[in-house]
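User: I am new to this structure and would like a close look at a single part of it. Please take one helix, say which way its residues face and what they pack against, and then follow the contacts outward from there.

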Amino acid sequence: MPRLFTGIEIPADVAESLSMLRGGLPGARWVQPENYHLTLRFIGDVDDVVAREAAYMLGQVRREGFELRLDDLSAFGGRKPRALVANVAPSQPLMDLQAEHERLMRRAGLEPEGRKYTPHVTLARLRDSSSRQVAEYLSARGMFRSLPFQVSRFVLFSSRASTGGGPYIEEAVYPLAAYAAIGTR
Ligand code: 2AM
């Protein structure tokens, strides 16, 4: 059973700037820079029929590319921090693309995603870091802001069944076109 999710790749120059943030937080398991990604829709462990249906549905997306920027760092989990993440600067095209993935995956037979979508790039998974250590790390690092980057495709990724960690495999790649250029201006 493949464990699938849709997402956006992080370009090498942005990944390099994120990789500078590795280290200095006890209890952190740092994500390998080649595994950085922005999840759009977690699909989970599905059988091959659902996987094929999901891949087909994603091929229906007709959207333009857009620009994104990573903006600031934070931790998920509150008093029991579980992940250190880079946040994404607000982007309506990103939210629209994510909402379309959600609709398409429901049409492919998946249960609705109950949690609100919070776009992020996970930098480290935290096991034994205290909220104080995380706060210290965040204040020592100060403000993080990436260069803007162009999103011109999204990807259906698989990861090792059940563990969820990288390396991730690109099962299918879907281009986002420059439709705006065609007769709309
Ligand atoms: P994360 O970055 O917040 O850890 C591949 O496992 C991707 O799917 C990861 O980016 C992970 O998000 C996300 N993911 C893993 N398990 C998930 C779950 N149960 N629900 C939603 N997203 C999940």
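Analyst: A residue is called buried when its relative accessible area is under 20%, and exposed when that area is over 50%. The model is a predicted one, and the part chosen here is helix α2, residues 48-58.

Which residues of α2 are buried? They are Ala51, Ala54, Met57 and Leu58. Around the helix axis these four cover an arc of only 130°, so they sit on the same side of α2. The other side of α2 carries exposed residues, namely Val49, Arg52 and Tyr56.

The buried residues of α2 pack against strands β1 (3-9), β3 (37-45), β9 (153-159) and β10 (169-175), and also against helix α3. The two helices can be taken before the strands.

Helix α3 spans residues 92-107, and its axis comes within 9 Å of the axis of α2, with a crossing angle of roughly 140°. That angle makes α2 oblique to α3, because only angles over 145 degrees would count as roughly antiparallel. The crossing of α2 and α3 is right-handed. Which residues make the contact? From α2 come Ala54, Met57 and Leu58, and they meet His101, Leu104, Met105 and Arg107 of α3. Sorted by class, the contact of α2 with α3 has five nonpolar residues, one polar and one charged. Ala54, Met57 and Leu58 are also among the buried residues of α2.

Two of the strands that pack against α2 can be followed further, through one residue each. In β3 there is Leu40. Is Leu40 buried or exposed? Its relative accessibility is 2%, so Leu40 counts as buried. Apart from neighbours within four places in sequence, Leu40 is in contact with Thr6, Gly7, Ile8, Leu94, Leu97, Gln98, His101, Tyr117 and Phe154. One of these, His101, is also one of the α3 residues that meet α2. The C-alpha atoms of Leu40 and Ala99 are separated by 8.8 Å, although the two residues are 59 residues apart along the chain.

In β1 there is Ile8. Ile8 has a relative accessibility of 1% and therefore counts as buried. Residues up to four places away in sequence aside, Ile8 touches His37, Leu38, Leu40, Phe66, Leu68, Leu94, Leu97, Val151, Arg153, Phe154 and Phe157. Leu40 appears in that list, just as Ile8 appears among the contacts of Leu40. Leu94, Leu97 and Phe154 are touched by Ile8 and are also in contact with Leu40. From Ile8 to Ser129 the C-alpha to C-alpha distance is 28 Å, with their positions 121 residues apart in sequence.

A loop residue ahead of β3 gives another view of the surroundings. Asn35 is found in the loop between β2 and β3. With a relative accessible area of 13%, Asn35 is buried, because the limit for that class is 20%. Beyond its neighbours within four places in sequence, Asn35 is in contact with Gly166, Pro167 and Tyr168.

For comparison, helix α1 (residues 12-19) can be read in the same way. Its buried residues include Val14, Ala15 and Leu18. Seen down the axis of α1, the buried residues fall within an arc of 100°, so they line one face of the helix. They pack against β5 (70-76), β6 (83-88), β7 (120-126) and β8 (149-151).

After α1 comes a loop that leads to β2 (28-30), and Gly23 lies in it. Gly23 has 24% relative accessibility, so it counts as partly exposed. Leaving out neighbours within four places in sequence, Gly23 is in contact with Trp30, Tyr137 and Arg141.

One of the strands packed against α1, β5, contains Asp72. Asp72 is not a glycine, yet it has a positive phi of about 80°. Its relative accessible area of 31% makes Asp72 partly exposed.

To return to the part that was asked about: the buried side of α2 holds Ala51, Ala54, Met57 and Leu58, while Val49, Arg52 and Tyr56 are exposed on the other side.

Technical notes
Residues numbered from 1 in each chain as written. Predicted model: local features only at pLDDT ≥ 70, side-chain atom pairs only at ≥ 80, totals over all residues. Heavy atoms only, no water. Axes fitted to C-alpha atoms, helices over the stretch in contact; angles between N-to-C directions. Helix = DSSP H or I, 4+ residues; strand = E, 2+ residues; numbered from the N terminus. Parallel < 35°, antiparallel > 145°, perpendicular 65-115°, else oblique. Left-handed = near helix turned anticlockwise from the far one by under 90°. Contact = heavy atoms within 4.5 Å. Nonpolar A, V, L, I, M, F, W, Y, C, P; charged D, E, K, R; others polar. Buried < 20%, exposed > 50% of the residue type's maximum accessible area, 1.4 Å probe, protein only. Arc of directions from axis to C-beta.
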